[in-house]
Amino acid sequence: MAQIVLVHGMLANQRSWNEIPAKLKTAGHVVTNITLPGHANLLEYLSTQLSDYVDEVVDSLPSSGPAVLIGHSMGGFVISQTAASHPKRVSQLIYVTAMMPSPKDTIAGLSHQAGTSLNAIRAEFKAAKVDPRALGYQPPGPADDAFVDENGMASVARHYIRCTADKILPPGFQDQMIGNWPGTTTADIATGHLPQYTASDDLADRILEALN
């Protein structure tokens, strides 16, 4: 049994994981599914920074032992910074076609390198017919906060689930990020940026296979 924390991506909230939390719970794992600050509460929108994202994840970690953090899209940046800052509280990082930053990277910078935008992400949600209740605000503050790591993240096991038809974070860009972190294991799903909607059974299987 693993203690799992799910971290969503841009313009989303906890509902954007669709059926994945239920599938992981059915497999016997304990799952916490959070909504990041500023994504549901307009009072937090302008004040939210990357550190607030990390604090929200840390507050959700169990006291009984280290947890597995799973991040989708921008959520990969958040789980990376959490592991870098609190490596002893994280047993494994699982990236679902997600940002996997190197030191000094920013969310805005990685988005630019990937050639994506908020409008492209909105279009992806629309094409997948995502329930509007799964969508959220995107606070601007975290975008320019740099990833800071003093070798904490390197000590945490890392697994990356590549989505080979992703147009938001293209496969070549995913490979570039993975290549910056030797020792990261990988698996592939032949789908786009929202496998929790377009290939939920496959995604759940890949996560379950990856759990240490």
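This is a short chat about helix packing, open and closed spaces, and an aromatic pair in a predicted model.

Student: Start with helix 3 and helix 4. How close do the axes come, and at what angle do they cross?
Tutor: The axes come within 9 Å. They cross at roughly 75°. Helix 3 covers residues 50-60, and helix 4 covers residues 75-85.

Student: What does that make helix 3 relative to helix 4, roughly parallel or roughly perpendicular?
Tutor: Roughly perpendicular, because the crossing angle falls in the 65 to 115 degree range.

Student: Which residues make the contact?
Tutor: Helix 3 puts in Leu-50, Tyr-53, Val-54, Val-57 and Val-58. Helix 4 answers with Phe-77, Val-78, Gln-81 and Thr-82.

Student: And by class?
Tutor: Seven are nonpolar and two are polar. No charged residues take part in this contact.

Student: Stay with Phe-77. What is its aromatic partner?
Tutor: Three aromatic pairs turn up in the whole structure. One of them joins Phe-77 to Phe-147, edge-to-face. The ring centres are 6.2 Å apart, with 75° between the planes.

Student: Where does Phe-147 sit?
Tutor: In the loop between helix 6 (118-127) and strand 5 (157-163). Phe-77 is in helix 4, 70 residues away along the chain, and the pair links these distant parts.

Student: New topic: pockets. What volume does the largest one have?
Tutor: About 150 Å³. Its lining has 14 residues. Nearest the centre are Met-10, Ile-107, Leu-118, Gln-138 and Ala-143.

Student: Which helix gives the most to that lining?
Tutor: Helix 5, residues 107-114, with three residues.

Student: What about the classes there?
Tutor: The largest pocket has 10 nonpolar and four polar residues in its lining, and no charged ones.

Student: Now closed spaces. How many cavities of 30 Å³ or more are there?
Tutor: Two. The largest cavity holds about 60 Å³, and the second largest about 40 Å³.

Student: What lines the largest cavity?
Tutor: Gly-9, Met-10, Ala-12, Ser-16, His-72, Ser-73, Ile-121, Phe-125, His-193, Leu-194 and Gln-196. By class, that is five nonpolar, six polar and no charged residues.

Student: And the second largest?
Tutor: Its lining is Met-10, Ser-73, Met-74, Met-99, Ser-111, Thr-116, Ile-121, Ile-168 and Leu-169. Six of these are nonpolar, three are polar, and none is charged.

Student: Which names appear in both cavity linings?
Tutor: Met-10, Ser-73 and Ile-121. Met-10 also lines the largest pocket.

Conventions:
Residues numbered from 1 in each chain as written. Predicted model: local features only at pLDDT ≥ 70, side-chain atom pairs only at ≥ 80, totals over all residues. Heavy atoms only, no water. Axes fitted to C-alpha atoms, helices over the stretch in contact; angles between N-to-C directions. Helix = DSSP H or I, 4+ residues; strand = E, 2+ residues; numbered from the N terminus. Parallel < 35°, antiparallel > 145°, perpendicular 65-115°, else oblique. Contact = heavy atoms within 4.5 Å. Nonpolar A, V, L, I, M, F, W, Y, C, P; charged D, E, K, R; others polar. 1 Å grid on protein atoms, 1.4 Å probe; cavity = no way out; pocket = protein on both sides within 12 Å on 5 of 7 lines; lining within 4 Å. Points joined across faces, edges and corners; volume = space filled by probe spheres on them. Phe/Tyr/Trp six-rings, centres within 6.5 Å; stacked < 30°, edge-to-face > 60°.
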